[in-house]
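Got the viewer open? Grab the mouse, and let's take a walk through this protein one selection at a time.

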Amino acid sequence: MSKVDRRILKSQDALKKAVIELMTKKNFDDITIQDLSDTANVSRGTIYLHYLDKYDLLDKLIEEHIEVLRALCESASELDFIEATLIWTEYFDKNYSFFSMMLASKGAPYFRNRFLSFLLDEFRHEVNVTAGINQGLNEEVIISFVASAYAGVVEWWFKNERPVAHQVLAEQLGTLLERNLLKERRFSYNR
């Protein structure tokens, strides 16, 4: 595997930070390539060297965070819901500026849809409609309910500027997941 030049990583990192910073000030659609260039302190050519346009930059930034969340799910496969959710809420807290911008503003509705789609995929493997409280319920309804509720609570947490500590959020979300849906008290991402 070849090493990526540090200058490339530095430019990409500056551009990712710049887009988030600019979105705190204006709607994403109003951000120009020149705005990104000025804020990141890189040339316009450098932006086009790494990204097709500002939408490609945002898409790659979103995908990067979704992939980290996916990896966190896989690493939490043997944990109960509270412990597994704590890993996520720590990541949300650590990357507060990104997630608050993506979930608490109207700047990137695409992210919420992408996040919800990701949650639907992850929870799909956890629902059991053959026994217990979910017996006889439609699996798609349960999955949609749980994923939408989870996304809504996380969105609420960011919109209200973290009204509870991320540990409390994890404990309560994990407890709700255990009560409401799933095959057992452990994530099972062995697909």
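Before we select anything, one bit of vocabulary: a helix axis here is a line fitted to the C-alpha atoms over the stretch in contact, and the angle between two axes is taken between their N-to-C directions, anywhere from 0 to 180 degrees. Also keep in mind that you are looking at a predicted model.

**Stop 1: the whole protein**

Switch to cartoon view. You should find 9 helices and 0 strands. Following the chain along the sequence gives the pattern α-α-α-α-α-α-α-α-α. Along the principal axes, the C-alpha atoms fill a box of roughly 60 × 40 × 30 Å. Of the 191 residues, 42% are buried. Among contacts with a separation of 6 or more, 68% join residues 24 or more positions apart.

**Stop 2: α6 and α8**

Now select residues 96-104, which is α6, and residues 139-159, which is helix α8. At what angle do they pack? The angle is about 110°, and the axes are 9 Å apart. That makes α6 roughly perpendicular to α8, because angles of 65 to 115 degrees count that way.

Show the side chains where they meet. From α6, pick Y96, F99, S100, L103 and A104. From α8, pick V154, E155, F158 and K159. Colour this contact by class and you get 6 nonpolar, 1 polar and 2 charged residues.

**Stop 3: the buried side of α6**

Stay on α6, but change the selection. Which of its residues are buried? They are F98, F99, S100, M101, M102 and L103. Turn on the surroundings, and you will see these buried residues packing against α1, α4, α5 (81-94), α7 (109-123) and α8.

**Stop 4: α1 crossing α4**

Two of those neighbours deserve a look of their own. Select α1 (6-23) and α4 (54-75). Their axes come within 10 Å and cross at roughly 100°, so α1 and α4 are roughly perpendicular to each other. On the α1 side, the contact is made by L15, K16, V19, I20 and M23. On the α4 side, look for L57, L58, L61 and E64. The class count for this contact is 7 nonpolar, no polar and 2 charged residues.

Here is a handy thing to remember while you look at helices: an α-helix has 3.6 residues a turn, so residues three or four places apart point the same way.

**Stop 5: the largest pocket**

Next, hunt for empty space. Rolling a probe the size of a water molecule over the atoms shows where empty space is left. The largest pocket has a volume of about 190 Å³. To light up its lining, select D13, K16, K17, I20, L61, E64, H65, N95, S97 and F98. The elements giving two or more residues to this lining are α1, α4 and α6. Which helix gives the most? That is α1, with 4 residues. By class, the pocket lining divides into 3 nonpolar, 3 polar and 4 charged residues.

**Stop 6: F118**

Jump to F118, in helix α7. Is F118 buried or exposed? With 0% relative accessibility, F118 counts as buried, because the cut-off for buried is under 20%. Leaving aside neighbours within four places in sequence, F118 is in contact with I66, L69, R70, C73 and W88. Try the distance tool too: the C-alpha atoms of F118 and F145 lie 14 Å apart in space, and the two residues are 27 residues apart in sequence.

**Stop 7: D93 and R162**

For the last stop, select a pair. D93 lies in helix α5, while R162 sits in the loop between α8 and α9 (166-180). D93 has 26% relative accessibility and counts as partly exposed. R162 is partly exposed as well, with a relative accessible area of 33%.

What does each one touch, not counting residues up to four places away in sequence? For D93, the contacts are W157, R162 and H166. For R162, they are D93, Y96 and W157.

Finish with two distances, both from C-alpha to C-alpha. D93 and Q167 are 74 residues apart along the chain and separated by 9.8 Å. R162 and D121 are 41 residues apart along the chain and separated by 26 Å.

Methods
Residues are numbered from 1 along each chain as its sequence is written. This is a predicted model: local features need pLDDT of at least 70, side-chain atom pairs count only at pLDDT 80 or more; totals for chains, interfaces and linings use all residues. Side-chain values use heavy atoms; hydrogens and water are left out. On a 1 Å grid over the protein atoms alone, a cavity is a set of points where a 1.4 Å probe fits but cannot get out, and a pocket is an open set with protein on both sides within 12 Å along at least five of seven lines; lining residues have an atom within 4 Å of a point. Grid points are joined across faces, edges and corners, and a volume is the space filled by probe spheres set on the points. Ala, Val, Leu, Ile, Met, Phe, Trp, Tyr, Cys and Pro count as nonpolar, Asp, Glu, Lys and Arg as charged, and the others, Gly among them, as polar. Angles under 35 degrees count as roughly parallel, over 145 as roughly antiparallel, 65 to 115 as roughly perpendicular and the rest as oblique. Contact means heavy atoms within 4.5 Å. Buried means under 20% relative accessible area, exposed over 50%, partly exposed in between (1.4 Å probe, protein chains only).
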